[in-house]
Amino acid sequence: MARCSVCGRPAVYVDRAGGVAFCEKHFLEYFDRKVRRTIRRFRLFRPRERIVVAVSGGKDSLALLHYLVRLSRRVPGWEVKALLVDEGIKGYREYTIKRFERVAGELGVEYRIVRFRDELGYTLDEIVRLGAERGLPYKPCTYCGVFRRYLMNKAAREMGATVVATGHNLDDIVQTYLMNVLGNDWEKVARLGPVSGPASHPRFVRKVKPFYEVLEKETTLYAVLHGLYDGFEECPYAPLGERWEIRRLINRLEEQRPGTKYSLLRSLLNALEILRRAGVAGDGEVRSCAICGEPSAHPVCRACLLRIELGILELSEEQLEKLPREAREMVLHALRLREKRRRRASGGAASPADRGRGDSGGAG
Ligand code: SF4
């Protein structure tokens, strides 16, 4: 049996890469040191913050909520609330919501739940079905990632947040890094820092990742030790996403060569510095979507375009005419694509070119 490297008691955690092991007490101290170092190193928070923790009800986000609520009790000027976006994934999300409500109640934290059904008119399950019927080439994680980010920013702003903290851990970050490297998408890589977002846009709430340098097995253990994690559910769409394979690949490499995940993170931090010096800005130019007014890298945001492609957002002739030229062209292009796919879906399968378009969804 492994023994704690500090006190010699039975270990609950073994770090093969670092050659250390910890008992429960010393693991929690190690975890706390690690997260505080990330917060300091990347200046994630300011002295006065209204922090909204984006929670899914999974282990990482519950661990983050628990950690930040406790930390905020020692930091005057910080206020922590929680926000859960319910996509409407039957047989999955209802269980994580129940767990979230229990933990939020125990912590006495104020929270809000926003639902795809209320905000978009459809659940994710319905959107996925609709997309398939219309011959759209996107995977469920694409719809989920785009709409979740859109609603999270909007709802957090309405809650008065100055910053949104997300539970992405080191494993999530290096998976996304590798996915974007394989896709040769360096603009997306440039967005993978611990702080993201065009802080200059009045409607954008800054996003931070306090678990940026913390391994998934560490956030899991933190959640288990605090009784936050009493069951395991996997999103039924997860195996369909590109992330699924990348995750298995990185875990296999870590098994064979302990320290692989840390190496990938160091590689990412170096890449971010090189990209910054080369002027590749992750946030790029930020404008307001001509349809909904939310922050967007393009004249029309991805959420509005997807809704148009899905046929759940219709613009009248008059609304279309009023759009600036570039935005109108984007919408007309989306409408043409929609019509083309509708015809193809009623007459046969999507073309290989359509099927090949990437999946840009986030970690579940
Ligand atoms: Fe959404 Fe994650 Fe499920 Fe994909 S795996 S559909 S991103 S919850």
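This is a short walk through one chain, from its overall build down to a few single residues.

A caution before the details. The model is predicted. Please keep that in mind for every number I quote.

Let's start with the whole chain. It holds 15 helices and 10 strands. The radius of gyration is 21 Å, close to the 21 Å that the globule rule gives for 364 residues, so the chain is as compact as a globular protein of that length. Along the principal axes, the C-alpha trace spans about 70 × 45 × 45 Å. How many of the residues count as buried? Of the 364, the share is 40%. Now the contacts. Take those between residues at least 6 apart in sequence: 72% of them join residues at least 24 apart.

Next, the domains. The chain is divided into domain 1, residues 1-41, domain 2, residues 42-277, and domain 3, residues 287-355. I'll look at domains 1 and 2. Their C-alpha centres lie 24 Å apart. Domain 1 brings 13 residues to the contact, and domain 2 brings 17. Which element gives the most on the domain 1 side? That is helix H1, residues 24-41, with 9 residues. By class, this side of domain 1 has 8 nonpolar residues, 1 polar and 4 charged.

Staying with the early part of the chain, look at Val 6. Val 6 sits in the segment before strand S1, which is 13-15. Buried or exposed? Val 6 is partly exposed, because 16 other C-beta atoms lie within 10 Å, and a residue needs 20 or more to be buried. Leaving aside neighbours within four places in sequence, Val 6 is in contact with Phe 22 and His 26. One more distance from here. Val 6 and Leu 215 are 209 residues apart in sequence and 20 Å apart in space, C-alpha to C-alpha.

Now the sheet. There is an open sheet of 6 strands, and the pairing is mixed. The order reads S5-S4-S3-S6-S8-S7. Which strands stand at the edges? They are S5, 111-115, and S7, 195-196; each has a single partner strand, so one side of each is left without a neighbour in the sheet.

Let's move inward. Strand S3, residues 49-55, runs parallel to strand S6, residues 163-166, and 4 bridges join them. Here are two of the pairs. Val 53 has Ala 165 as its bridge partner in S6. Ala 54 has Thr 166.

Helices lie on this sheet. Helix H3, residues 93-107, packs on it and touches S3, S4 and S5. The direction of H3 makes about 160° with that of S4. Helix H2, residues 59-72, lies across S3, strand S4 (78-86) and S6. H2 runs at about 160° to S3.

On the other side of S6 in the order comes S8. S6 and S8, residues 206-208, pair in the parallel sense over 3 bridges. Val 163 stands opposite Arg 206 in S8.

What about the side chains of S6? In a regular strand the side chains alternate between the two faces of the sheet. In S6, Val 163 and Ala 165 point one way, while Val 164 and Thr 166 point the other. All four are buried.

From a buried strand to a buried helix. Helix H12 covers residues 302-310, and 8 of its 9 residues are buried, so H12 is largely enclosed by the rest of the structure. The buried residues include Cys 304, Leu 305, Leu 306 and Ile 308. Two charged ones, Arg 307 and Glu 309, are also buried. Just after H12, Gly 311 takes a positive phi of about 80°.

That brings me to backbone angles. Most residues other than glycine have a negative phi. Two cases here go the other way. Arg 43 has a positive phi of about 45° and is not a glycine. Arg 43 lies in the loop between H1 and S3. With 10 C-beta neighbours inside 10 Å, Arg 43 counts as exposed.

The second case is Asn 184, with a positive phi of about 55°. Where does Asn 184 lie? In the loop between helix H7 (170-182) and helix H8 (186-189). Asn 184 has 8 C-beta neighbours inside 10 Å, so it counts as exposed.

Note on methods. Residues numbered from 1 in each chain as written. Pairing = 2+ DSSP bridges. Contact = placed C-beta atoms within 7 Å. Axes fitted to C-alpha atoms, helices over the stretch in contact; angles between N-to-C directions. Rg over C-alpha atoms; globule rule 2.2 N^0.38 Å. Buried ≥ 20, exposed ≤ 12 C-beta atoms within 10 Å, placed from the backbone. Domains from an automatic or database assignment.
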